[in-house]
Amino acid sequence: MMTTSTLDSTASSALAARPNGPSPSQELRAEVRNLSFFYATGNKVLNSVSLPIYENKVTALIGPSGCGKTTLLRCFNRMHDLYGKNRYDGEILLFPEGKNLLGDDIDPMEVRMRIGMVFQKPNPFPKSIFENVAYGLRVRGVRKKSFIQERVEWSLRHAGLWKEVKDRLTDLATSLSGGQQQRLCIARALATEPEILLLDEPTSALDPISTGHIEELVTELKKDVTIVMVTHNMHQASRCSDYTAFMYLGDLIEYNHSTEIFTNPRDKRTESYITGRFG
Amino acid sequence: MADAEQTNDPTKSKVGESILTDLVLSSIRVRKWIDFAFMVVGLLALLFSLITLLALILDLVRTGGPRVSWDFFTSFPSRKAMKAGILSAWVGSLCVMAVTSLCAIPLGIAAGLYLEEYSKKNWITTFIELNIVNLAGVPSITFGLMALGIFVYGLGMGQSILTAGLTLGLLVLPIVIVTTREAIRSVPNSIREASFALGSSKWQMVRHHILPYSSGGILTGVIISLSRAIGETAPLITIGALTFIAFLPPSPVNETFPFVNFQWLTEPFTVLPIQMFNWVSRPEKEFHVNAAATGLILLMMTLVMNGIAIYIRYRFRRKLKW
């Protein structure tokens with residue numbers, strides 16, 4: 001954790017407050033630089049957003065509906081490329097090599113192979129539990145059975161689902177409960193060891209108990225993977241994220257340590273939002 | 001706000017009291033009676049159509065039923081009604097259906113897949129989609145006329161099994177395309193995104209997810225279109241199907257190299273509905289019995305095919321949950 005004094009020097013500008021001089025334990029994993037995003041219709045939904053993503057930390061994106069937080073998340077794995085002529089302006093650099101994920105020289109498929117995503121609604125394939133987790137490996141052409149088996153078990157263990165499903169790996173994934181399905185989706189994304197894991201409101205379709213499981217899991221997982229998470233739930237953001245970015249109408253209003261954002265917001269709009277006055 | 005509510009209150013309670021007047025109660029009676037009347041009308045309409053159909057089928061069974069026997073399936077048509085059978089007709093139907101399937105199924109599925117998953121959504125694709133739906137409603141004899149011009153004369157395929165199969169293939173192609181698209185559309189977008197998010201290519205997504213999950217719907221469409229093709233008569237008469245065939249097309253397999261031949265494709269043919277049509281137009285009563293028996297067999301075939309389609313749909317629906 002950084003001290004408040006170092007933050008004070010950088011947070012003078014609410015926009016793109018990047019805690020300077022990351023300490024050795026806080027390697028920069030990715031950096032969003034002046035990212036604007038336009039839908040094919042010409043709608044601009046992100047206004048020059050800049051934001052660092054630190055290794056093995058959870059970065060939460062919060063903000064009222066329509067503020068662009070999911071749009072921003074989906075830029076990370078180029079999901080927007082699937083639909084029409086959407087346009088990116090700016091860059092997302094992936095470290096250590098500093099490659100621009102939005103550049104023309106990188107294929108969106110490569111981006112998606114390196115950055116995993118878990119969606120709002122659990123979306124397991126109507127195949128067996130095993131096949132769901134193994135799918136990412138199969139896509140990459142992995143044939144070796146023992147390796148696949150090993151990875152599937154590893155992923156399910158890390159997603160906290162192994163004990164529940166180890167005797168029924170051949171059952172249909174859709175026969176699991178909603179919370180289990182979402183953990184399966186996390187396992188599916190983990191199986192290929194993504195460099196960053198994107199979570200798009202992963203608990204919004206789940207009951208409180210399953211939500212609790214997922215939140216514990218997120219805290220566990222950051223040991224292995226960098227996480228960027230969109231959430232509607234302020235408590236969730238304060239409980240499981242290290243950094244929080246508050247977005248409003250396509251602008252990044254404030255970015256800081258989560259503890260700072262939730263106890264001592266600098267911007268009026270952040271304060272109104274986290275105290276529940278709008279959103 | 002509070003003020004307005006208070007001034008409104010007296011009128012509100014008045015309306016509240018007046019709700020259960022005799023007028024309202026009688027209006028309930030009237031509306032319930034209309035409900036009942038419509039139920040009766042609907043039931044009568046249903047019974048009328050069911051009873052008419054049932055009477056037709058029963059008549060067919062009563063007339064043609066006794067004529068259906070093993071000999072009926074293994075005999076060629078004959079001048080003597082009691083000796084006549086449908087051997088050449090059902091073999092012909094089978095051969096034509098084989099060509100139709102080979103032509104319509106791959107083309108239809110590939111076209112539907114392209115339209116649904118690959119094509120960009122612009123006015124050209126909208127125009128094409130609209131025309132495919134229209135094509136499904138074009139009278140079948142028009143396809144016959146077109147096939148006569150293109151396949152029989154233009155390409156010189158003659159009045160052969162190949163011509164007939166291709167004609168029926170074109171006829172049911174729009175049905176296959178439309179049902180394929182519907183089946184594909186029923187796969188939720190979240191599945192596509194899940195697959196892409198794991199780094200799959202478009203073809204991997206289609207091959208591993210779209211096709212397997214929509215295969216139930218696609219198969220249903222294929223079977224229903226084939227069961228339509230098997231009963232088609234008009235286009236085949238137009239391209240010149242023969243009504244009296246007393247021989248079978250040569251076997252597609254033989255004992256000498258290369259063991260398969262496609263000579264059967266060029267043979268003249270007849271099919272079940274044409275055989276039936278031919279017998280109906282004869283003056284002798286006995287031939288009408290043959291026609292009824294053929295009709296019964298056709299009916300059974302379509303029934304069985306549709307039954308299989310329904311079963312497949314049921315099986316797949318039960319397995320697939322999103």
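Two residues are taken to be in contact if their C-beta atoms, placed from the backbone, lie within 7 Å. In chain B of this predicted model, 79% of the contacts with a separation of 6 or more link residues 24 or more positions apart.

Chain B is a good place to begin. Its secondary structure comprises 12 helices and zero strands, so that a walk along the sequence reads α-α-α-α-α-α-α-α-α-α-α-α. The C-alpha atoms occupy a box of roughly 100 × 60 × 40 Å along the principal axes. The radius of gyration of chain B is 28 Å, whereas a compact globule of 322 residues would have a value near 20 Å. Of the 322 residues in chain B, 33% are buried.

One helix of chain B deserves a visit of its own. Helix α2 (residues 22-64) of chain B contains 43 residues, and 62 Å separate its first C-alpha from its last, close to the 63 Å expected at 1.5 Å a residue. This helix, α2(B), is hardly covered, with a buried count of one among its 43 residues.

Chain A offers a sheet to explore. Six of its strands make up an open sheet with mixed pairing, in the order β6-β7-β8-β3-β9-β10. The edges are held by β6 (115-118) and β10 (251-257) of chain A; each has a single partner strand, so one side of each lacks a neighbour in the sheet. On average, neighbouring strands of this sheet are turned by 15 degrees against each other, direction ignored. Within the sheet, strands β7 (residues 196-200) and β8 (residues 226-230) of chain A run parallel and are joined by five bridges. Here A:Leu197 is found opposite A:Ile227 in β8(A).

How values were computed: Residues numbered from 1 in each chain as written. Chains lettered and ligands numbered in written order. Predicted model: local features only at pLDDT ≥ 70, side-chain atom pairs only at ≥ 80, totals over all residues. Helix = DSSP H or I, 4+ residues; strand = E, 2+ residues; numbered from the N terminus. Expected span 1.5 Å × (residues − 1). Buried ≥ 20, exposed ≤ 12 C-beta atoms within 10 Å, placed from the backbone. Rg over C-alpha atoms; globule rule 2.2 N^0.38 Å. Pairing = 2+ DSSP bridges. Axes fitted to C-alpha atoms, helices over the stretch in contact; angles between N-to-C directions.
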